Amino acid sequence: MTGLSELHWTENGEARSALWRMDAGAVMPKTVVLADDTLTADSAYRLACAGTGLLWRSDFQNARQLLQAMARRMDKPKKTRAKKAAAEAGPAPLPGAAFHAHRLAQSQRNRVLSAILIELDGDYGMALRRAPDVRQACVQAFGPAQGQASVISLRSLQGAVGAFEWRKNGVEVPGMGEALRIYPHYGVFSPVRGEYVDLVAQAPLPEALKAQSLAFDVGVGTGVLSAVLARRGVAQVVGSDLSERAVACARDNLQRLGLQNQVSLLQTHLFPPGQAALVVCNPPWLPARPVGLLDQAVYDEGSQMLKGFLVGLREHLCEGGEGWLILSDLAEHLGLRSREALLGWIADAGLVVLGRLDAKPVHGKAQDSTDPLHAARSAEVTSLWRLGAAAG
């Protein structure tokens, strides 16, 4: 969250301003109008499509209902256009084109539905009727209140409240024959897709760990893979992540699991210093530009993290060590990256494939035939690539 820019508007004939508390990259509206219960959903939708921010000054629960009504207006026309386009369509678009069209539609949807704005007091309170107490959720998401008013979109505020509940209740992740409960923090991707955790739990540990029981977890996130490795008997794990939020989240989870003496954490880009018998990395799977905090766990423009991991892996492996690359092939089915390109990057980095374990996804979208990317999602396979240093 930036909190450095200010949003300006006029209210009761006076100039007003507050901190713009949104994800980096979120577009600040050039025009802001005051909105209340008299604003119809159709009018709100037209203003939002034109890029106008709607600063809410009425009942909070009615703002939620307005947001839902705007979402319905966005979603219903798409189905009509899709049917008409299907009737008039010629050849099917290339898979890559379908993905980029889907991402563009997602971006436009997010922009429009982020138009409803909520002002937070200097202690994160809200001066709105029937407003919930979101102060604890905001402290966890944005840090201690600084006494200055701020403005946030209703959607982002709902995200902060949702993250607060996730962090309070945790997410149960199956692994090692007993439940691992992980508590994601705001802005850190939750391990909701269990197949990649299962792959790390099942893959045969390299023989080199017997001589040097040290593993690196590159891109530690919530710390779930570090926890799995520690529970599998790896004596020492070093988890690294460029995100301060991720490092704090992993530290919290590892302490909850009693693994803080077995796993150390480092905020850095890619690899910790030195060499290890096992280096694990689950990079973002899709080569596209992230536009929000959680997007950074899914989208990696130009496959920069994937390429960086492969290029640097060899020098961070001890003799006989292995690198485990956990990667979905969804990008291949979407036409965003080829298998030949991946294998070429592996070979160019002086690495060889020692083996591969595959798993089919079990998340809901893989079975959702109405999803615009269903063909690619239904064919997706998540793989754990066992990589080693090439001879010579």
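A residue counts as buried when its relative accessible area is under 20%. By that cut-off, the buried residues of helix H6 in this predicted model are Glu195, Tyr196, Val197, Leu199, Val200 and Ala201. Helix H6 spans residues 195-202 and is mostly covered, with six of its eight residues buried. An α-helix has 3.6 residues a turn, so residues three or four places apart point the same way.

The chain as a whole gives the setting for this helix. Of its 392 residues, 48% are buried. Twelve helices and 15 strands make up its secondary structure. Among contacts with a separation of 6 or more, 69% join residues 24 or more positions apart. The exposed area of the chain is about 18,700 Å², and carbon and sulfur atoms supply 52% of that area.

Glu195 of H6 leads to another part of the chain, as Glu195 is among the residues touched by Trp285. Trp285 sits in the loop that runs between strand E12 (276-281) and helix H9 (304-313). Is this loop residue buried or exposed? Trp285 has 13% relative accessibility and therefore counts as buried, since the cut-off is 20%. Leaving aside residues up to four places away in sequence, Trp285 touches Arg193, Glu195, Val298, Ile326, Leu327, Ser328, Ala331, Arg337, Glu380 and Thr382. The C-alpha atom of Trp285 is separated by 8.4 Å from that of Leu306, a residue 21 places away along the chain.

Two of the residues that Trp285 touches, Leu327 and Ser328, also belong to the lining of the largest cavity. A search of the whole structure finds one cavity of 30 Å³ or more, and the space in the largest cavity is about 30 Å³. Which residues line the largest cavity? They are Leu327, Ser328, Asp329, Glu332, Arg339, Leu342, Ser383 and Trp385. Strand E13 (317-328), helix H11 (339-348) and strand E15 (382-389) are the elements that each give two or more residues to this lining. By class, the lining has three nonpolar, two polar and three charged residues.

The cysteines remain to be considered. How many disulfides does the structure hold? The count is zero, where a disulfide would need a pair of cysteine sulfur atoms within 2.5 Å. Cys249 has a relative accessible area of 0% and so is buried. Cys281 is likewise buried, with a relative accessible area of 0%.

Note on methods: Residues numbered from 1 in each chain as written. Predicted model: local features only at pLDDT ≥ 70, side-chain atom pairs only at ≥ 80, totals over all residues. Heavy atoms only, no water. Buried < 20%, exposed > 50% of the residue type's maximum accessible area, 1.4 Å probe, protein only. 1 Å grid on protein atoms, 1.4 Å probe; cavity = no way out; pocket = protein on both sides within 12 Å on 5 of 7 lines; lining within 4 Å. Points joined across faces, edges and corners; volume = space filled by probe spheres on them. Helix = DSSP H or I, 4+ residues; strand = E, 2+ residues; numbered from the N terminus. Nonpolar A, V, L, I, M, F, W, Y, C, P; charged D, E, K, R; others polar. Contact = heavy atoms within 4.5 Å. Areas by Shrake-Rupley, 256 points an atom, 1.4 Å probe, with all protein chains shown as cover.
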